[in-house]
Amino acid sequence: MSQSDTPNIQVLSTEVSQLRQELQLRDQLVQQLSQELFRLVKGNTSFIPQQPDLERDLTQLQALQEQLQAVEQQVAFYQEQITTRDSEIYQLRQSVQELTDRTRMLEQVVQELPQIYRRKFEERMTPVREKVAMLQRENRQLQAELQSVSYRLALKTRNASHSCIDLPNFPRPASEETNISTPQNA
């Protein structure tokens, strides 16, 4: 319901109350007229209203009754509209309440999201950290083994090179071979 409907309801409500007041006033007038008529007829038996006056009064009474019916129909129509508007207002208030509750829930969820994301991220990172730690331990172990193997290989090559040194074989001149062999013979 829009804000423009609210003044219409107020206007209709004012009209209904005015019509009710008019209806009560007419009812009082009809009551007073009927009492006065009854008193006149009862108190004065010789008074017999003339036919034209009676017809005129009946016609006025009938006109008043028709007006009364028209007013009652208007009142019923306005009451029906007021009831319809009241039910619309009630439904709109319920919708507003539901939307307000939903908005509060969504605001709470939005406020909790960073914490949820942090927790989920930590849950996902725990296996990754464990794997990284395991790989780092394995890497250190492999580096230690590599250093050990490198050290042993260095020792082995050093020991092998000291025990038998491969000297280059140079070609000897023939005269030197005999000189060298002579002292050996002596």
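**V75 and its contacts.** I started at V75 in this predicted model. I skipped residues up to four places away in sequence, and V75 then touches L19 and R20.

**The core around it.** Next I asked which residues make up the largest nonpolar core. I found 7 of them: L12, V16, L19, L23, V71, V75 and Y78. So V75 and its contact L19 both sit in this core, which by definition is built from buried residues. I then looked up which helices feed it: α1 (5-43) and α2 (51-163) each give at least two residues. The largest share is from α1, with 4 residues.

**A patch on the outside.** I turned to the surface and noted a nonpolar patch made of V30, L54, L58, L61 and L64. Together these residues have about 350 Å² of accessible area. Here the largest share comes from α2, again as 4 residues.

**L64, checked singly.** Where does L64 sit? I placed L64 in helix α2. Is L64 buried, partly exposed or exposed? Its relative accessibility is 32%, so I put L64 down as partly exposed. The cut-offs I used were under 20% for buried and over 50% for exposed.

**The whole chain.** I counted 3 helices and 0 strands. Read from the N terminus, the order is α-α-α. Of the 186 residues in the chain, 4% are buried. I also noted the exposed area of the chain, about 16800 Å². Carbon and sulfur atoms supply 55% of that area.

Technical notes. Residues are numbered from 1 along each chain as its sequence is written. This is a predicted model: local features need pLDDT of at least 70, side-chain atom pairs count only at pLDDT 80 or more; totals for chains, interfaces and linings use all residues. Side-chain values use heavy atoms; hydrogens and water are left out. A nonpolar core is a set of buried Ala, Val, Leu, Ile, Met, Phe, Trp, Tyr and Cys residues joined through side-chain atoms within 4.5 Å. Buried means under 20% relative accessible area, exposed over 50%, partly exposed in between (1.4 Å probe, protein chains only). Contact means heavy atoms within 4.5 Å. Patches are made of residues with over 30% relative accessible area and no salt bridge: like charges are joined within 9 Å, nonpolar side chains (Val, Leu, Ile, Met, Phe, Trp, Tyr) within 5 Å. Accessible areas come from the Shrake-Rupley method with a 1.4 Å probe; for residues, only the protein chains shown count as cover. A salt bridge is a side-chain nitrogen of Lys or Arg within 4 Å of a carboxyl oxygen of Asp or Glu.
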